[in-house]
Amino acid sequence: MKESAAERRWNPEDYHIARRNMVDRQIKGRGLADPRLLEAMRRVPRHFFVDEAQAVQSYSDTPLPIGRGQTISQPYIVALMIEALELAPTDRVLEIGFGSGYQTALLADLAGEVFAVERLEPLFRKGRDNLARLGQGNIHLKLDDGTGGWPEMAPFDAVIVAAGGPRVPRPLLEQLGPGGRLVIPVGPTTALQKLTLITKAGPGRPADRRTLGDCRFVALVGRWGHRE
Ligand code: SAH
């Protein structure tokens, strides 16, 4: 009898191979070369961050639904955004919209401390449980509208926003330290967004704003984002 995709189960070695192929084809193959990032992506088990029925698709070149109309971002987009942050092992990072927690786990692998905010409670809980399985000790989670940032924990060396808003929320810029990097999808609608990288002036770094490309993220909803 032929098994359906949902019934098929992989063993740990299958996931390992799928993950290596994902990094080689989707990430390295498209020109991202930061060795620390590639190593982190080979390490973090993306299949921990989707529902069990989708585990065999978790290394595919696509976003996947995680509930409440939200998605776990495509691996390449996650890599592109993280590479743009130029993370050092001691950096403090603010992440808005942690959803499944996959990107959070990668950030925690590459930086010093990660402060991650999610506004939808069911996803907050699920993401928190997903991350608990990995046992990384440098992750701090908050259930809140992340467009206001996390002022008590500022300044941050890097800020990453995984949902698209009409503009860059001012609190996020204010909470970025000198020389800090902020990456966020910006556009009038979710269909028309530019992945934007902002660098704050700091020692040896001029202020800069540039576009990394077109993108399509779910809506950043909140005080400094889209209306509900
Ligand atoms: N990085 C996540 C992306 C999830 S999709 C992953 O790969 O799994 C984007 C997430 O942003 C959703 O979970 C959504 O609920 C969240 N979000 C949208 N607006 C937000 C806001 N103002 N504050 C915090 N989270 C927000």
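The exercises below concern the ligand site and helix H3 of a predicted model.

**Exercise 1.** Determine where the ligand sits and how much of its accessible area the protein covers.

*Solution.* Step 1: the ligand is located in the largest pocket. Step 2: on its own, the ligand has 580 Å² of accessible area, of which the protein covers 99%.

**Exercise 2.** Describe the shell of residues around the ligand by members, class and secondary structure.

*Solution.* Step 1: the ligand is surrounded by 25 residues, and Ser 100, Glu 118, Asp 145, Gly 146 and Val 221 are the closest. Step 2: sorted by class, the shell contains 13 nonpolar, eight polar and four charged residues. Step 3: strand E2 (70-72) and strand E4 (113-118) are the elements that supply two or more residues. Step 4: E2 gives the most, with three residues.

**Exercise 3.** Identify polar atoms of Ser 73, Arg 119 and Asp 145 that lie within 3.5 Å of a ligand N or O atom.

*Solution.* Step 1: for Ser 73, a polar backbone atom is 3.1 Å from an oxygen atom of the ligand. Step 2: for Arg 119, a polar backbone atom is 3.3 Å from a ligand nitrogen atom. Step 3: for Asp 145, the partner of a ligand nitrogen atom is a polar side-chain atom, at 2.9 Å.

**Exercise 4.** Establish how many residues of helix H3 (residues 75-84) are buried, taking buried as under 20% relative accessible area, and examine what follows the helix.

*Solution.* Step 1: nine of the ten residues in H3 are buried, and the helix is thus mostly covered. Step 2: the buried residues include Pro 75, Tyr 76, Met 81 and Ala 84. Step 3: just after H3, Glu 86 adopts a positive phi of about 45°.

Methods:
Residues numbered from 1 in each chain as written. Predicted model: local features only at pLDDT ≥ 70, side-chain atom pairs only at ≥ 80, totals over all residues. Heavy atoms only, no water. Buried < 20%, exposed > 50% of the residue type's maximum accessible area, 1.4 Å probe, protein only. Helix = DSSP H or I, 4+ residues; strand = E, 2+ residues; numbered from the N terminus. Near = heavy atom within 4 Å. Polar contact = N/O pair within 3.5 Å; in protein donor to acceptor, adjacent residues only side chain to side chain. Areas by Shrake-Rupley, 256 points an atom, 1.4 Å probe, with all protein chains shown as cover. 1 Å grid on protein atoms, 1.4 Å probe; cavity = no way out; pocket = protein on both sides within 12 Å on 5 of 7 lines; lining within 4 Å. Sits in = over half its atoms within 2 Å of the grid points. Nonpolar A, V, L, I, M, F, W, Y, C, P; charged D, E, K, R; others polar.
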